[in-house]
Amino acid sequence: MNAPNRTGGLFSKTMLAFGFVFLYLPIFTLIVFSFNDSRSVTVWASATTKWYGKLLQDDQILTAAWLSVRVGAMSATGAVILGTVAGLVLARFGPFRGRALLQGLTTAPLVMPEIITGLSMLLLFVSIEQLVHWLFGWQFDRGAVTITIAHITFTMAYVTVVVQSRLAGFDDSLEEAALDLGARPAKVFFRITVPLILPAILSGWLLAFTLSWDDVVVTQFVTGPGADTLPLVIFSRVRLGVSPVVNALATVMVLIVALGVILSAILMRRQEQRRKREEQMAATG
Amino acid sequence: MNTTARLAAPRGTHGRLGPLWTFFFRYGPPRWSRYVVDHWTGQRLVIAVPYLWLGIFFLIPFLIVLTISFAHESPLDRPPYDSPFQWVYLDEGALKQGALQIRLMVHGYVQLITDELYWSSMLFSLQVAAVSTLLCLCLGYPMAYAISRASPTSRNIFLMLVILPFWTSFLLRVYAWIGLLKADGVINNVLLAIGIIDEPITMLKTNFALYVGITYSYLPFMILPLYSNLEKHDNTLLEAASDLGAGPIRAFLRITLPLSMPGILAGSLLVFIPAVGEYVIPELLGRTDQLMIATQLYHEFFNNRGWPNACAVAIAMLLLLVLPIMFFQRVQNRELQAARK
């Protein structure tokens, strides 16, 4: 490489370093000030862990976190089931009538502004409430169930994209072979397709869980009395200003994510090494 | 197909109830269920699952928003609007008759144009989204470029570092900026300590904070499509250009930049589209005297209980975004097709 090119490389490397500082400095300050012994989050006094103690006693946050875990797990599972089916249909069923519409319907929630998704879901639930009341005279409140339905709807799009692109990467010769050998389509799906796309399904589940766990806007629309998820609680507190307990909570959440990512990186590396070894064995043996 | 034969009404009943049965058996539920059983086997049933869900929870809600945007506002009712479609009984003399009344109110849409509050926030949203997209591009392009040039091991680490913030809470990361930008926040304290400034700069609740917040939140969405484009570039092209005497800047402008256009477009749209409808970031970091359109919609819906107006704002937002969205899908499809070849 010639010298001027190196300056271009230098520039982009500087920007890379700056970009990472930009991405990580806020997270870093969050963590540092969670150990700060002063109500004002931004002026350093001395080190303490008392905010973690306060966090453990904060019933509102704990209840909300538990609700968020349940909603996240349920909606991620629902999104994975629906998203896998949609991804399979789009990747494997060839051209059928209405395919373009389905493709449009599955990708639209990806780019739809959250506020519109939230508004339209709420209006749907209000309409259903009215209809049910008119038909049977029942009243029901919005809450965990409506939040879950809304989350499934906007997260299944992400699962669909992940699964569809994973399936597009495989040719269907294995599946066809199984069909030729007389396996029924359902059996082919569970014995061959699902194991093949399992990594995509898992990462789709995690993605859906994260999106649900983090959602403020849609949840704010479709929630009901007493059903405050963790992001709603955080949002309402943060609006009033900084709070060290929220910093402590953020630190715990960052720690969990970092651990998860490191673990999955180690697992993936191990798997790759095993595969390489097997390939070598196959090549030599 | 001999469905009609199979679906013929049982002999005995045919005579007694006459044409009613015939009609029922020809067009009623049994025929549908038979049709479903006969034709909707396997594949069709599987296709129906996501279709049904998205139809009920995505398409119908959208139609409801469209309907309510034309509704008449009646703030004291629950819900606070009169549907444009109403079944009314006309009482003309002795003759009582039901009729479907359709009343379309365009007040919400008129207000969008006449009320400065709405169109100024619409323009402001576009401006914020455009500036933030540009900032993301200016920062994200060199980053993606550097990552694509790095050695394979460090490349994976860099990519992981780009994606990692995405897995941590978006809300908490935006919250972190409050602590940084406040009047007695970290940045002001550091600048004061160094002696660059004498009194704290107001940064929170300004456009600057809003741009920083959006750029920060959406930067990974810019970097990833750019990276996946830049990574595929053929280095021999650059070598050829340099052999033919082109300087690095010229080679970049004539080769790398044009080739990375699809990546730039995809990344920019991925930032621009959600940024227009952003609600959380302006609420925490942005100005309070100039609202973005999503905040305006929120206030109209929850504080003023103006459901028809809020729905009209939503439809207008969609119309505003429909062009970029369609453009994005075209770019995406082209990329997919190129990848398949």
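User: In this predicted model, why is R305(B) called partly exposed?

Analyst: R305(B) has a relative accessible area of 31%. Buried needs under 20%, and exposed needs over 50%. The value of 31% falls in between, so R305(B) is partly exposed.

User: Where is R305(B) found, and what stands out about its phi?

Analyst: R305(B) is in the loop between α16 (293-303) and α17 (307-340) of chain B. Its phi is positive, about 50°, although R305(B) is not a glycine.

User: What makes a positive phi worth noting in a residue that is not a glycine?

Analyst: Most residues other than glycine have a negative phi. K205(B) also has a positive phi, of about 65°, and is not a glycine.

User: Why is K205(B) counted as partly exposed, and where does it lie?

Analyst: The relative accessibility of K205(B) is 34%. That is neither under 20% nor over 50%, so K205(B) counts as partly exposed. K205(B) lies in the loop between α10 (186-194) and α11 (207-230) of chain B.

User: Now chain A. Why is I81(A) given the label it has, buried or exposed?

Analyst: I81(A) has a relative accessible area of 53%. The cut-off for exposed is over 50%, so I81(A) is exposed. I81(A) belongs to helix α3 (residues 59-92) of chain A.

User: How far apart are I81(A) and V159(A), in sequence and in space?

Analyst: In sequence, I81(A) and V159(A) are 78 residues apart. In space, their C-alpha atoms are 9.0 Å apart.

User: On to the interface. What makes R239(A) and E283(B) a salt bridge?

Analyst: The closest N and O atoms of R239(A) and E283(B) are 2.6 Å apart. The limit is 4 Å between a side-chain nitrogen of Lys or Arg and a carboxyl oxygen of Asp or Glu, so the pair qualifies as a salt bridge. The rule finds one salt bridge across the interface of chain A and chain B.

User: Which helix of chain A gives the most to the side that touches chain B?

Analyst: Helix α1 (residues 3-33) does, with 18 residues. That side of chain A divides into 57 nonpolar, 19 polar and four charged residues.

User: How many residues does the contact take from each chain, and what area is buried?

Analyst: Chain A gives 80 residues, and chain B gives 80. Between them the two chains bury about 7400 Å², with 83% of it on carbon and sulfur atoms.

User: How many residue pairs are in polar contact between chain A and chain B?

Analyst: The count is 11 residue pairs, with both residues at pLDDT 80 or more.

Note on methods
Residues are numbered from 1 along each chain as its sequence is written. Chains are lettered from A and ligands numbered from 1 in the order in which they are written. This is a predicted model: local features need pLDDT of at least 70, side-chain atom pairs count only at pLDDT 80 or more; totals for chains, interfaces and linings use all residues. Side-chain values use heavy atoms; hydrogens and water are left out. Helices (H or I, at least four residues) and strands (E, at least two) are DSSP runs, numbered from the N terminus. Buried means under 20% relative accessible area, exposed over 50%, partly exposed in between (1.4 Å probe, protein chains only). Contact means heavy atoms within 4.5 Å. Buried area is the accessible area (1.4 Å probe) that two parts lose on being put together, summed over both. A polar contact is a pair of N or O atoms within 3.5 Å; within protein, one must be able to donate a hydrogen and the other to accept it, and residues adjacent in sequence count only if both atoms are side-chain atoms. Ala, Val, Leu, Ile, Met, Phe, Trp, Tyr, Cys and Pro count as nonpolar, Asp, Glu, Lys and Arg as charged, and the others, Gly among them, as polar.
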